[in-house]
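Please have the sequence and the coordinates open before reading on. The paragraphs below go through the structure part by part.

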Amino acid sequence: MHHSFGQFELDEAARRLSLEGVGQKIQPLVFDLLVYLVRNAGRVVPKEELMDALWPDVIVTEASLQRVVSLTRKALAAGGLQDAIHSYVRHGYRFAIDEPGLGYVRPATFGGDDNLAQARRLAAARDWSAAAKLFAGLADLEALSPADIDLWALVVECGGRPTEAIPVLTRAVAAHIEAGDSARAARSAVTLAKIQAERGAAAVAEGWLERAASLLSQAKDASTESYLLWMKSRLASSGGRPEEALRLASAAHSIAEHCDDPGLRALTLTYKGFYNLALGKIEEGNEQQNHAAAIALSSQVDPITGSLVYCNILWSCRTFADWSRARQWSEGFESWCTASFAQTSGACDLHRAEVVAAQQILPEALACINEALPKLSAEESWSLGEGFRVRGDIFAMIGDLASARADYDQAYALGWDAEPGNALLLFETGDLEGALAAIDRALQGTSWFHLQRRGNLLVNAACIAARGGRSNQASIYLAEIDAQPQRWRQPATQALIAETKAALCKPDDPNKNRLLLLARQLWTSAGVDYHAARIRLQLARALLGSGDVSGAKVEITAAERSARNLGSQRLDQEAALLRHSLLPRNQSLIDGPKQELFT
């Protein structure tokens, strides 16, 4: 595999690092580390993963890894990229050049002293708001070229207001046609289709794609053809045609491979991986998305392309409940947005809200999703229902079940399902039949959203059925998961499988506690603190049933700490009730462990 970043060329097969065509002397471990980080560019790679990759079957300390990282930075310093390896304390390292360019719309010159030249320079400096104001003031100038109108549209979109770019892009299409550049006009038309699709206007998006295809027939351009096919793949996917979406994305990527446009190569490969994931080709899809990120985030692509690559990968992580990978990408995404955007998009806030809810502080996650919902409503209405689903889950984890119910209902009203959160709430309020029926309806979905979440839906249905005494039904759900073990190997999914099997055990079965311990370990390894604490309380009940009071106390204490750190009143109340049930058996619980919790 061959990689380009900055003035460097990295040839894996030849084990050669070149700077402006000149081979560089580099130690084998330094080369191996650089290859691994570049392959995973944009992702925060955990230290343990790097040590396993560099020193397989050998135990080394973090000091060894730090030394190799230091040497790698020195090697990159020769090309001015010593800061391309970012450190994340207590976690790992990330390779990326967080200096996005302007990509396809870059103007020919930034020179001059007039307002137009200043607007161009502000765009290059990523001062989107100031650049947009200057361009708006120049809107009536006949001297505003088609390329400048494209740049104006980009700065408006980068400023978090894509719908306001629609009239600008419409003007760009007309300007390019008047200038006799049909290919450029088609490119702007495809961008219009993208924005219209994201605001929920699929019919309008189709119309702009037809316009783009007609323009492109007058002037062949490989890059624009690839961009057009990519956008067609998105509409096919949202229309529930994943095989067609994969075919279109694959064709788009094949064309992009021969274009001098790294952003387009990354974008088409990201979506090719996305559709492969939806169709169950997990390893292939993950590899394609990681490779795409390596291209995009080490090639100074434009901010919109970079964010689309990141956003798509995070969608995949979230829908697969792959929380460990989601955390790694989320940390990289935040630094990318900081470097690229004046304002994060609603999708950015939506991703962050669910990741934070899974792994950190629930009130913070609630604040994130509350910021996301108005943006989604204004700019990306197609995903507004997903926003209400996420907020419903957050409310449920906090313990506000009435608000969770209202948000799940709103998600349904907007055309999304709210599973599995809605089904869990139905089950917990006594409606087992309704809970299983809700998930069964979701399992009938054929969109990428349903296909990627299928494993999570199946395992939650199995767990609900097992807890509700429907062992045969639970086994049917588990059988589909067992038939494709490589597809559903995420720790969160495996944790729920262990929970289901524990629920299927008879009360006196010694395997029950072992399975709950396994579930707790898996939730912990996935970094999902809420569910790890929830299982601790289940385990505490099981330990009490087997007479292990001291073990139960340990689990309750740990769950109480997690509940307070998370801000979950629900878990805190459940832990308090369980602790209270112990008081008649062991009065010392009043003083010892409880006092430690508040110190």
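Which residues does E499 touch, not counting residues up to four places away in sequence? The contacts of E499 are C463, A519, W523, R534, I535 and Q538. This comes from a predicted model, as does everything that follows. E499 sits in helix 24, which covers residues 491–504. With a relative accessible area of 3%, E499 is under the 20% cut-off and is therefore buried. One of the contacts is polar: the side chain of E499 meets the side chain of W523 at 2.8 Å. As for a residue elsewhere in the sequence, E428 is 71 residues away from E499, and the two C-alpha atoms are 16 Å apart.

C463, one of the residues that E499 touches, leads to the cysteines. How many disulfides does a search of the whole structure find? The search finds zero. C463 is in no disulfide, and its nearest cysteine sulfur belongs to C505, 12 Å away. A disulfide needs the two sulfur atoms within 2.5 Å, so a pair at 12 Å does not qualify. C463 is buried, with a relative accessible area of 5%. C158 is also buried, at 0%.

At the start of the chain there is an open sheet of four strands in the order 1-2-3-4, paired antiparallel. Its edges are strand 1 (2–5) and strand 4 (22–23), each of which pairs on one side only. Strands of a sheet pair through backbone hydrogen bonds, either parallel or antiparallel. Strand 3, residues 16–19, is joined to strand 4 by two bridges in the antiparallel sense. S18 has G23 of strand 4 as its bridge partner.

The loop between strand 2 (8–11) and strand 3 holds E12, which brings in the charged pairs. Side chains of opposite charge can pair when their charged atoms come close. The structure holds 28 salt bridges. In one of them, E12 pairs with R39, and the closest N and O atoms are 2.5 Å apart. This pair links distant parts of the chain, since R39 belongs to helix 1 (residues 28–39) and lies 27 residues from E12. Is each partner buried or partly exposed? E12 counts as buried because its relative accessibility is 13%, whereas R39, at 39%, counts as partly exposed.

Other salt bridges lie within a single helix. R389 and D393 are both in helix 18 (residues 384–398), four residues apart, or about one turn of the helix. Their closest N and O atoms are 3.0 Å apart, and both residues are buried. R389 and D393 also belong to a network of salt bridges that includes R318, E354 and E386.

Helix 19 (residues 401–413) holds D409 and R405, which are about one helical turn from each other because they are four residues apart. In this salt bridge the closest N and O atoms are 3.4 Å apart. D409 is partly exposed at 42% relative accessibility, and R405 is partly exposed at 25%.

Last comes the division into domains. The protein is divided into domain 1 (2–95) and domain 2 (505–583). The C-alpha centres of domain 1 and domain 2 are 41 Å apart.

Notes:
Residues numbered from 1 in each chain as written. Predicted model: local features only at pLDDT ≥ 70, side-chain atom pairs only at ≥ 80, totals over all residues. Heavy atoms only, no water. Buried < 20%, exposed > 50% of the residue type's maximum accessible area, 1.4 Å probe, protein only. Contact = heavy atoms within 4.5 Å. Polar contact = N/O pair within 3.5 Å; in protein donor to acceptor, adjacent residues only side chain to side chain. Domains from an automatic or database assignment. Pairing = 2+ DSSP bridges. Salt bridge = Lys/Arg side-chain N within 4 Å of Asp/Glu carboxyl O.
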